[in-house]
Every structure is written in structure tokens, then in C-alpha cells.
Amino acid sequence: MRTATYFFIFLNLSLAVFEEPAVYPLPFLVTSLVEVLCLLVFFGRLTHFAKVTLRNVFWKDTKNICIMVAILLSLTDLAIYGVLRIYNVLDPAGMGRVKPVPLASELLPSLWQIRRAFRSIRNTLPEITYVFLLFMFSLLMFSLMALKLFGERNLQTAEGLPYFRNYLETVFDLYVLVTTANSPDVMMPAFDFSSWYALFFIAFVIVNTYIFMSLFLAVVYNNYKKHLKVMFG
């Protein structure tokens, strides 16, 4: 039944390929009949579910209400389009704007699980704040050292731009270095000046990329798993 439901959802959404404006337009009667068939399948499935579910449970389920509203919106959309077509007052792109609604209604349980996951992430954030603050402190201190080490030596990048002379730009460049996205380009001007300066960047990568990032991810994972286990029982 789930496979059949997704088939009719796919069929309903695929009508947009054949409705005006379309590369392969079909007569309005054909597309409208197919859409009505799909809506009848959705309504039949909903009716069947209502027969095997307690009434108070059925009406408390937001998903059922959303599917019912989606069917009504689709029928209203189809009826309005048909009337406008009869009187030749219509926007061809106006039909089918609510077609994705049945699909969204079917995906509501997954969306609720995603919402629970985001709630778990939100509960995890306060507990990883201290690790994040330590990482930012390390980044700011290394940026200050880089500014003092390289900023006073009038070094330039390969593009001829000032090298580590602005503190905020230094913080950003080293932050990118944590991801190793600008490695080894960011260290080459200092390395060309003196190969000993490579020790600074090696120490930075070890402390921030390998130690702090590993610690940060471990704290995030453990706390997220703990909150997720409590939330889902």
C-alpha cells in the first residue's frame, strides 16, 4: 500500500510535465481525470485508515488533517483552473501549485523526526559551549602570535597583498587553516622568509585541527547521543 501511495504521488506530481505550459502538453480533460484519480486514491487511503483507527485518535493526528486539507486544496485548485479555462481567463502556470502538498503530508513523520533531532542538537549546544570557547581562545591567541611574528616583516602573498598585517584577516585565514582548505598556501610567504616559521603552522594545525576539532566532535557526538537516547526512550 505504501508503494502504491508513492506511485500515485509520483503520478500526481508528474502531471506538471504535461500540463500547460509543457513540452508535451496533454488535453486538460486527461490531466484533470488523472489528478482526480490520484486524489481519490489519497482519500480512499485516508478513509480506510479512519475505519481502523479510533475516532479521537484519528482526529488528533496532525498528519491526517494535513492530508485532508491537501486533498481539498488540490480539488479547489483544479476546480478554479477549470472555471478559468472555460471563460478563457487563466494563467497556465496557475494550476498545480498545491500538488506537492500530498507528498509533504506523507513526509510529515520524517519531518517530525528531523524536528526531534534538531531539538536534541539545541539541547547539546550549551554543553559544547566551553569547548567552543576554548577553541576560539586558541584561535585568537595563535592569530595574535601570527600578527606579531609576520606582520612586522612586511611580507606579501603571491598576489602581492599584505601578509598577516590585519588582525581580523589573520583570524579568518587561520580559521580557514583549521579546515586545511588554504594549506599550504597560507604558510608559504612565511616559509619562504624562513623555514623555521613552518613550526608555527605545524603547532597550530596540531593544536586546533587535530586536538580541538577531535575533542569538539567527540563532545558533540556524546552529548547528542545522550539527548537523542533520552528523547526517543
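The legends below accompany close-up views of a predicted model of one protein chain.

**View 1. The overall helical make-up of the chain.** In this predicted model, the protein chain has nine helices and zero strands, and its pattern along the sequence reads α-α-α-α-α-α-α-α-α. Of the 233 residues in the protein chain, 32% are buried. Among the contacts in the protein chain with a separation of 6 or more, 68% join residues that lie 24 or more positions apart.

**View 2. Helix H2 and its buried residues.** Helix H2 covers residues 28-51. Its 24 residues should span 34 Å at 1.5 Å a residue, and the C-alpha atoms at its ends are 34 Å apart, which agrees with that expectation. The buried residues of H2 are Thr 31, Ser 32, Glu 35, Cys 38, Leu 39, Phe 42 and Leu 46. In an α-helix there are 3.6 residues a turn, so residues three or four places apart point the same way. This is a useful background for reading the list of buried positions in H2, which includes Glu 35, Leu 39, Phe 42 and Leu 46.

**View 3. The packing of helix H1 against H2.** Helix H1 (residues 2-14) and H2 have axes that come within 9 Å and cross at roughly 150°. With the cut-off for this class set at over 145 degrees, that angle makes H1 roughly antiparallel to H2. The crossing in which H1 passes H2 is left-handed. On the H1 side the contact involves Thr 5, Phe 8, Ile 9, Leu 11 and Asn 12, which meet Val 34, Glu 35, Leu 37, Cys 38, Val 41, Phe 42 and Arg 45 in H2. Sorted by class, the residues in the contact of H1 with H2 are eight nonpolar, two polar and two charged.

**View 4. The packing of helix H2 against helix H4.** Helix H4 (residues 62-86) packs with H2 at an angle of about 160°, and the two axes are 10 Å apart. That angle makes H2 roughly antiparallel to H4, and H2 passes H4 in a left-handed crossing. From H2 the contact takes in Phe 28, Ser 32, Glu 35, Val 36, Leu 39, Phe 42, Phe 43, Leu 46 and Phe 49, while H4 contributes Asn 64, Ile 67, Met 68, Ile 71, Ser 74, Leu 75, Leu 78, Tyr 81, Gly 82 and Arg 85. By class, 13 nonpolar, four polar and two charged residues make up the contact of H2 with H4. Glu 35 and Phe 42 of H2 appear in this contact and also in the contact with H1, and both are buried.

**View 5. The surroundings of Asn 208 in helix H9.** Asn 208 lies in helix H9, which covers residues 198-232. With a relative accessible area of 0%, Asn 208 is buried. Apart from its neighbours within four places in sequence, Asn 208 is in contact with Phe 135, Ser 138, Leu 139, Phe 142, Val 178 and Met 213.

**View 6. The loop between helix H6 and helix H7.** Three residues are picked out in the loop that follows H6 (108-150) and leads to H7, namely Asn 154, Leu 155 and Phe 164. Asn 154 has a positive phi of about 55° although it is not a glycine, and with a relative accessible area of 57% Asn 154 is exposed. Phe 164 likewise has a positive phi, near 55°, in a residue other than glycine, but at 4% relative accessibility Phe 164 counts as buried. Leu 155 counts as buried at 8% relative accessibility. Not counting residues up to four places away in sequence, Leu 155 touches Phe 150, Leu 161, Pro 162, Tyr 163, Arg 165, Pro 189, Ala 190 and Phe 193. The C-alpha atoms of Leu 155 and Asp 192 are separated by 9.8 Å, although these residues are 37 residues apart along the chain.

**View 7. The loop between H7 and H8, with its cis peptide bond.** Asn 182 is placed in the loop between helix H7 (167-178) and helix H8 (188-193), and Pro 184 lies in the loop between H7 and H8 as well. The peptide bond from Ser 183 to Pro 184 is cis, with omega near 0°. Asn 182 counts as buried, at 14% relative accessibility. Leaving out residues up to four places away in sequence, Asn 182 touches Asp 173, Val 176 and Leu 177.

Methods: Residues are numbered from 1 along each chain as its sequence is written. This is a predicted model: local features need pLDDT of at least 70, side-chain atom pairs count only at pLDDT 80 or more; totals for chains, interfaces and linings use all residues. Side-chain values use heavy atoms; hydrogens and water are left out. Axes are lines fitted to C-alpha atoms, for helices over the stretch in contact, and angles run from 0 to 180 degrees between N-to-C directions. Helices (H or I, at least four residues) and strands (E, at least two) are DSSP runs, numbered from the N terminus. Angles under 35 degrees count as roughly parallel, over 145 as roughly antiparallel, 65 to 115 as roughly perpendicular and the rest as oblique. A crossing is left-handed if the near helix is turned anticlockwise from the far one by less than a right angle, and right-handed if clockwise. Contact means heavy atoms within 4.5 Å. Ala, Val, Leu, Ile, Met, Phe, Trp, Tyr, Cys and Pro count as nonpolar, Asp, Glu, Lys and Arg as charged, and the others, Gly among them, as polar. The expected span of a helix is 1.5 Å times one less than its number of residues. Buried means under 20% relative accessible area, exposed over 50%, partly exposed in between (1.4 Å probe, protein chains only).
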